[in-house]
Amino acid sequence: MTNPLLAPSTLPFSLPDYATLTDAHVREALAAGMEQHLAELDVIATDTSPATIANVLEASERSGATLDRALAAFWVARSADTNPERDAIMAEFAPKMAAHTDAIMLNRALYERLRQLNAAAEGGQIELDEQDAFNLAERLKAYERGGINLPQEQQARLRELNAELATHSTQFDTALTAARNAAAVHVADEAELAGLSEGDKAGLRAAAQARDLDGWLIPIVNTSGQPLLDSLADRGLRERIYRASVTRGLSGAHDNRDRLVTIARLRAERAELLGYPHHAAYAQEVGCARTTEAVNDILARLTPGIQELTGKEAAVLAARLADLDPDATLEPWDWQFLAAKEAAASSFDTDQLKPYLEFERVLTEGVFAAATALYGITFVERPELVGYTAQARVFEVLEEDGSTLGAVVIDPYTRPTKQGGAWMTSLVDQSHLLGTQPVVTNTCNVPPPAQGSPSLMTWDNVITLFHEFGHDLHGLLSDVRYPSRSGTSVPRDFVEFPSQVNEIWAWEPSLIAAYARHHETGEPVPAEWVDALVANRQESGRDTLELLSAMLLDQAWHQTPLVDLPEDGSGVEAFEAAALERLGAAHPLVPPRYRSAYFHHIFGGGYSAGYYSYLWSEVMDADTVAWFREQGDEDNAGGMTRAAGDHFRRELLGRGGSIEAMESYRRFRGADPEVKHLLARLGLAS
């Protein structure tokens, strides 16, 4: 069979041909793609004619097409539906890809061609527009940060470090998925499940049956907090679930401690080799924050106030627990359950919404409808097109005039072969140079319904779906020349901003009335519930402290010099505890959103020293929400209008990473973001 990755796809939208694609095809295409890419770059590097936009920038952007196709098709399939062969491919090719990147970034001839082009532009022989100029500047910076000016012996060590990091990060993620699956809590007595709906219990029974177990199985999600802790009345079961969550990866066959220490030490050594005091300084140099000091400042400014809010919340919950059981002491596994009880009594319990949050309606009447209202785009399912799993569905995205904009692949449900969390990827990057339209994915971990039952979502699931679709819109609405600068190809502390903005439409009352309808009766959610939901939107101190402590933990691992890091995994828990205490984020009832041993973002993903970006982006998000509301009127107080959406699309989403990120923000907003809007959101305005 012809390998479908070795030539451009002939399917609509250039979608990978998943119907015929095999893991063997991926292995072949990755190897062939790396070889072809280096050959194409060698032509650029050895060209003796004067450097031009066409023979340097554009030629570089056109190179590596086979490798790009293979990587895009494989990465999302492996992350969402892995198997031993896909894990083996990842383990084999991760260090090879690191070596491939080094072969490019340490190629002096390629670097010199970029410098020649830059000199020609500075000398006035060539005129660069702003996309050309920014692309060139970013490429030169990447070479310099990649070690191009190091002596040969240090370059050799850099290659070793990059290969080792790729290997250990891949192993960390493989072990993480296995640890999450192994941590699932088996329940034999249905009485322990008091508080759950029949639909919830049916889903847990199906999960047990999938593993040939009797009874019920409670899967562990990627975060420290577990959704079912909101509802389970049995305190003993809550404790079992909590401990299973926060101790995964700390022992046994899937112990991740040695791996994460190795990763942290290798990154620290690499940073020192490149002339930085630690990995965080290296990583943050290319973010919007620019410096470690700026990151530390915003985290330090918020931590005391959030600790105070969390303490007040804990006192309220301790009092509620005393009413229920005078002899009990408040424990971490009690927090979510008691907070839900408190919300039900004093304001609004979002768990009441679940019968009204059926996935299909939330997707079409909520997520898609918001995009239509803002940007004029519509969505048509293409059931004849095959996604990367049987559950993945392909939707064509149309402009208001009916022309095709691109496509989005939706994969909502959790499975044992899927990584935890939720994410967006790009299968095809939008590019005017290549004439390609965007194809993006939306991968979540909504619990699958039992057969014959509706797929009901929690409110958190709804927010996550809107969030990831914000990333999708960043990719779909990209309007740039170069594929490497398309869509979400922006600094790490900017990439979360558009996705966080898109969350606000989940709270839009007119939209809730459309997508929140009872799955049996079709009745809309009661208007007073919507009012209560919107009125109580302010984030809790506890939820914010979870995030802050994870952000600070990330900084601790990556701001610590090599000499002061633990030497092996036995020091992980002591390092973690000491760091949180030192940084003012320790709380006996609130663990970090991710503890080190299951912190995929920083040890397996691309957020090392960058997890703070969710908070940094939220400054821009809160400022942008204020702008949208300024555009509103009596009929649409939230500002969900075409005029507002078109401005946001044109001035920010459409620019992708084609210009400096904060410049695109200033063009959209007319000024830098103001932090006051975030402080108000967090209850810290005073």
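# A guided tour of the model

The structure holds 54 salt bridges, and since this is a predicted model, the tour treats each of the contacts below as a feature of that prediction.

**Stop one: a salt bridge between distant parts of the chain.** Select Glu 400 and Arg 642, whose side chains meet in a salt bridge with an N to O distance of 2.9 Å. The two partners lie 242 residues apart, with Glu 400 in the loop between β4 (393-398) and β5 (404-413) and Arg 642 in helix α23 (residues 642-651), so that the pair links distant parts of the chain. Glu 400 is exposed, at a relative accessible area of 58%, whereas Arg 642, at 28% relative accessibility, counts as partly exposed.

**Stop two: a salt bridge inside one helix.** Move next to helix α19 (residues 541-559) and select Arg 542 and Glu 546, which are 4 residues apart there and therefore separated by about one helical turn. These two residues form a salt bridge in which the closest N and O atoms are 3.8 Å apart. Are the partners buried or exposed? Arg 542 is buried, with a relative accessible area of 9%, and Glu 546 also counts as buried, at 6% relative accessibility, because buried means under 20%.

**Stop three: a network.** Now select Glu 660 and Arg 666, a salt bridge with its closest N and O atoms 3.6 Å apart. Glu 660 counts as partly exposed at 25% relative accessibility, and Arg 666 counts as partly exposed at 32%. To see what surrounds this pair in terms of charge pairing, extend the selection to Glu 130, Arg 290, Arg 650, Glu 651, Arg 655, Glu 663, Arg 667 and Asp 672, which are joined with Glu 660 and Arg 666 into one network by salt bridges that share partners.

**Stop four: two packed helices.** Two packed helices are described by the angle between their axes and the distance between those axes. Select helix α1 (residues 23-46) and helix α5 (residues 108-122), which pack at an angle of about 55 degrees with their axes 8 Å apart. The two helices are therefore oblique to each other, and the crossing of α1 and α5 is left-handed. Showing side chains brings up the residues that make the contact, namely Leu 41, Ile 44 and Ala 45 of α1 together with Ala 109, Leu 110 and Arg 113 of α5. Sorted by class, this contact of α1 with α5 has 5 nonpolar residues, no polar ones and 1 charged residue.

**Stop five: a loop residue and its contacts.** Go to Thr 488, which sits in the loop between α15 (459-476) and α16 (492-502) and is partly exposed, with a relative accessible area of 24%. Which residues does Thr 488 contact, leaving aside its neighbours within four places in sequence? They are Met 424, His 471, His 474 and Val 495. Select Asp 429 as well: 59 residues away along the chain, its C-alpha atom is separated from that of Thr 488 by 9.6 Å.

**Stop six: two positive phi values.** Finish with the backbone, selecting Phe 13 in the segment before α1. Phi of Phe 13 is near 65 degrees, a positive value in a residue other than glycine, and Phe 13 counts as buried at 11% relative accessibility. Then select Asp 212, in the loop between α8 (198-210) and β2 (216-218). Asp 212 is not a glycine either, yet has a positive phi of about 60 degrees, and at 74% relative accessibility Asp 212 counts as exposed.

Notes
Residues are numbered from 1 along each chain as its sequence is written. This is a predicted model: local features need pLDDT of at least 70, side-chain atom pairs count only at pLDDT 80 or more; totals for chains, interfaces and linings use all residues. Side-chain values use heavy atoms; hydrogens and water are left out. Axes are lines fitted to C-alpha atoms, for helices over the stretch in contact, and angles run from 0 to 180 degrees between N-to-C directions. Angles under 35 degrees count as roughly parallel, over 145 as roughly antiparallel, 65 to 115 as roughly perpendicular and the rest as oblique. A crossing is left-handed if the near helix is turned anticlockwise from the far one by less than a right angle, and right-handed if clockwise. Contact means heavy atoms within 4.5 Å. Ala, Val, Leu, Ile, Met, Phe, Trp, Tyr, Cys and Pro count as nonpolar, Asp, Glu, Lys and Arg as charged, and the others, Gly among them, as polar. A salt bridge is a side-chain nitrogen of Lys or Arg within 4 Å of a carboxyl oxygen of Asp or Glu. Buried means under 20% relative accessible area, exposed over 50%, partly exposed in between (1.4 Å probe, protein chains only).
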